[in-house]
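Please look through the structure below before reading on. The paragraphs that follow go through it step by step.

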Amino acid sequence: MLFARPHLLGLEGLTAEEIDFLLDSAESFKEVSEREIKKVPALRGRTVVNLFYEASTRTRTSFEIAAKRLSADTINLSASASSAAKGETLTDTARNLAAMRPDAIVVRHPSSGAPDLLARHVDCPIINAGDGAHEHPTQALLDLLTIRERKGRIAGLTVAIVGDVLHSRVARSNLFGLLTMGAKVRFVGPPTLVPPGFSELGAEIVWDLHEGLKDVDVVMMLRIQRERMNGRYFSSLDEYSRLYCLSADAVARARKDVIILHPGPMNRGVEISSTVADGPYSVIMDQVTNGVAVRMAVLYVLVGRRKAGAEQGEGAVPIALAEASPRRAATGE
Amino acid sequence: MSERTAPSAGRSEPPLLVAGGTLVDPVAKRTRRADLLVRDGVIAAIEAGISEQLPRRGASTIHRIDATGLLVMPGFVDIHVHLREPGFEYKETIATGTRSAVAGGVTSVACMANTRPVNDSPAVTRFILERAHAAALAKVFPIGAVSLGLAGEQLAPFAGMFDSGIVAVSDDGHPVMDAELMRRALECAKMFGMPVIDHAEDRALVAGGVMHEGAVSLRLGLRGIPAAAEDVMVARDIALAGLTGGHLHVAHISSAGSVRMVRMARAAGIRITTEVSPHHLWLTDEAVTAYRTNAKMAPPLRTEGDRQALLEGLADGTIDCIATDHAPHHKDEKDVEFDCAANGVVGLETMLPLVLRLVEDGVLDLPTAIAKISSEPAAVLGLPVGTLEVGRAADLAIVDPAREWKVDSAEMFSKSKNTPFEGWTMRGRSVLTMVDGRTVHDDRAPQPVRGAAEREVRP
């Protein structure tokens, strides 16, 4: 198996081979979503718990669809971290869930490192669906997959990540993933949101949007959280928008074949103009589609091998798909 | 010391001879082979060869401790300890905290005021001293609050607490944000010859941070606390110490900038002393990696550059002493999300070997290193302890410098186990700790028996 880790807590520390393996697996799962009957029995009888301590529509739905297309049973638990603080601790919650023998826990939590804590306390795979300002590995994987599809490669590309990098787990996961895959990463934003310390992590730092987009192959816009624009990090949303809203003008600084990503949800007219969001460079809908495939791959790789992994060996994904093909089943009948 | 005979007639115990050891004198800054005679809990003589003279006359009534191959040091003085009693007995009590102290060779501790109730009244001060007396382990010197309830608004009753036995004032854990209150505290404390101990962190700059701000906090996505949060407070308080002529003591100094400013202030003749914790000397913010909550404390672990500045400050005397900031917390307060975890680590039982490591690494010579945990901290607070002098209380740490041991929090005497040094191999241990000539910790046997010392110390 090319991905032998028990959990997916982040992209930091993964090897290029491991990331490639996850992307290849995701690519082969994409086909399932194109079928008329979008379901394979790969995880039949398995249970995936979505434990969300933070509001999420896109990510949770994407994980749920991914699990269902693999025939896993899914349970969605929404807990507010504040009510948990009054009563049960995170580790107790996790131990209780673990006692019900799920096959994976997908967790989103407002505290950085919460998935690491869970991974120390339970023995089923933990999949990080976003922890504080730390990592959001499946989001970065789907971004990497989208870039690889569109560009045919990742190595050698220059990627500008624009916006509130300081508070962004998407930016961190992409930084780790992109650097590992051989891309160059440029963080673009004001010093309050792009502190100089990021250069020690391997990013180039540029404050000016137009300069930051010069000759880049990929622009990744980050969502601006309105609650952060409280006059501390920046004077106001308008002021931010004046400097960093991605307009067609700014995009013109990039390479001709630039693609534009956004993890959503978008603030149209704030960090991205509608012209750009709906324009020809935008691959935002590809990202959403790839999100399901990436999460199918991650679930399959971490869960599918748990019992039968030893027999299935490295060729796990293709075998599963071959076994699972509903089309073939249909012709058989 | 187990061979204590039947209760002796009258008050006097038989004299005790520590023979054959190497004495470490932190004041004269030298080591020498000599015997040390203890009579009535006081150091009665320090001379080479007492062992040859004394046994001839009345050998049967003299207890003899063979210190061959061992270092005889003044019992250590830790001026920054949280004993948690009253109020937080589930973390530590005065009895367990001082038991932990003597296990580390520490015979005197100054305890911080952030108990519940806060030590902001003579009654609480007296309560602490009574409990310490009952525990009969390390000597306890209470530190009173600067402000009532540590609220930073109104001065606590320094005079009443001083009469009851406090040796300094501090709102440790709660920086005094009001500069005028800090000024008044420095002025008032001056009347009693007490320092104001400063927890130097500007809360506005801390801004909810949970670790040092730098590449590591950015990588982990944890909110950072810039070194400047400490620097601006140290700068402010140096100015206030200059204004008032009061004695400012900066607790747990952690940043290169602060060390630089203290050095300049001292050169300018401002009355300022400082301490550094062993964890700031030996760990950096990298220790937080993997969200290890036992590496979370205030001020936070900083960078290698800061660490080097602390070592330099220690070597050139800018930093007077080493103090542990022993801060016990229950497992439940540490086994949580990093953001929610309590600040602080235990330190009493690991201080000595970490200080001896400074000698091994050539940062300090042995007597100077020991001075940093005995005579120097005692001088900061004006305590009559921490030296090897005839006429002084026989508070001793008899140390086996070669004893290797592995830090195992389960083996610790402290009620709490939150050490960042878990699993470290340490060298050096106090194998016999004495307070006023009484053995309060005996680890000479290869297999230490827990609780043995408590039984022994009954008067």
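Start with R444(B), which counts as partly exposed because its relative accessibility is 34%. The model is a predicted one. The side chain of R444(B) meets that of D442(B) in a salt bridge, with 2.8 Å from N to O. D442(B) has a relative accessible area of 24%, so D442(B) is partly exposed as well. Charged atoms that come close allow side chains of opposite charge to pair.

Salt bridges can also share partners: in chain A, one network formed in this way joins D20(A), D24(A), E27(A) and R148(A). Over all chains, a search of the whole structure finds 37 salt bridges.

Another of these pairs is E389(B) with R392(B), whose side chains meet at 3.9 Å, N to O. The cut-off for a salt bridge is 4 Å between the side-chain nitrogen and the carboxyl oxygen, so a pair within that distance is counted. E389(B) is partly exposed, because its relative accessible area is 37%. For R392(B) the relative accessible area is 27%, and this residue therefore falls in the partly exposed class too.

Chain A offers a further case, K214(A) and D215(A). The closest N and O atoms of this salt bridge are 4.0 Å apart. Are its two residues buried, exposed or partly exposed? K214(A) is partly exposed, because its relative accessibility is 42%. D215(A), at 44%, counts as partly exposed as well. Partly exposed residues lie between the two limits, since buried means under 20% and exposed means over 50%.

A379(B) gives a contrast. This residue sits in helix α15 of chain B, which covers residues 375–381. Its relative accessibility is 55%, so A379(B) counts as exposed. Along the chain, A379(B) and D172(B) are 207 residues apart, and their C-alpha atoms are separated by 20 Å.

Chain B also contains a hairpin. Its strands are β2(B), residues 22–25, and β3(B), residues 30–33; they run antiparallel and are joined by four bridges. Within this pairing, L23(B) of the one strand stands opposite R32(B) in β3(B). Four residues lie between the strands, and in this hairpin K29(B) takes a positive phi near 55°.

Now turn to chain A as a whole. Chain A has 333 residues, of which 58% are buried. Its secondary structure consists of 14 helices and nine strands. Take the contacts in chain A between residues at least 6 apart in sequence: 74% of them join residues at least 24 apart.

The last step is the place where the two chains meet. How many residues of each chain are in contact with the other? On chain A there are 27, and on chain B there are 14. The area buried between the chains is about 1500 Å², and carbon and sulfur atoms give 53% of that area.

The rule finds one salt bridge across this interface. R219(B) forms a salt bridge with E12(A), and their closest N and O atoms are 3.3 Å apart. Eight residue pairs are in polar contact across the interface, both residues being at pLDDT 80 or more. On the side of chain A that touches chain B, two or more residues come from each of α4 (90–99), α5 (114–121) and α7 (169–180). The most come from α5(A), which gives five. By type, the residues on this side of chain A divide into eleven nonpolar, eight polar and eight charged.

Key. Residues are numbered from 1 along each chain as its sequence is written. Chains are lettered from A and ligands numbered from 1 in the order in which they are written. This is a predicted model: local features need pLDDT of at least 70, side-chain atom pairs count only at pLDDT 80 or more; totals for chains, interfaces and linings use all residues. Side-chain values use heavy atoms; hydrogens and water are left out. Contact means heavy atoms within 4.5 Å. Buried area is the accessible area (1.4 Å probe) that two parts lose on being put together, summed over both. A polar contact is a pair of N or O atoms within 3.5 Å; within protein, one must be able to donate a hydrogen and the other to accept it, and residues adjacent in sequence count only if both atoms are side-chain atoms. Ala, Val, Leu, Ile, Met, Phe, Trp, Tyr, Cys and Pro count as nonpolar, Asp, Glu, Lys and Arg as charged, and the others, Gly among them, as polar. Two strands pair if DSSP finds at least two bridges between them. Buried means under 20% relative accessible area, exposed over 50%, partly exposed in between (1.4 Å probe, protein chains only).
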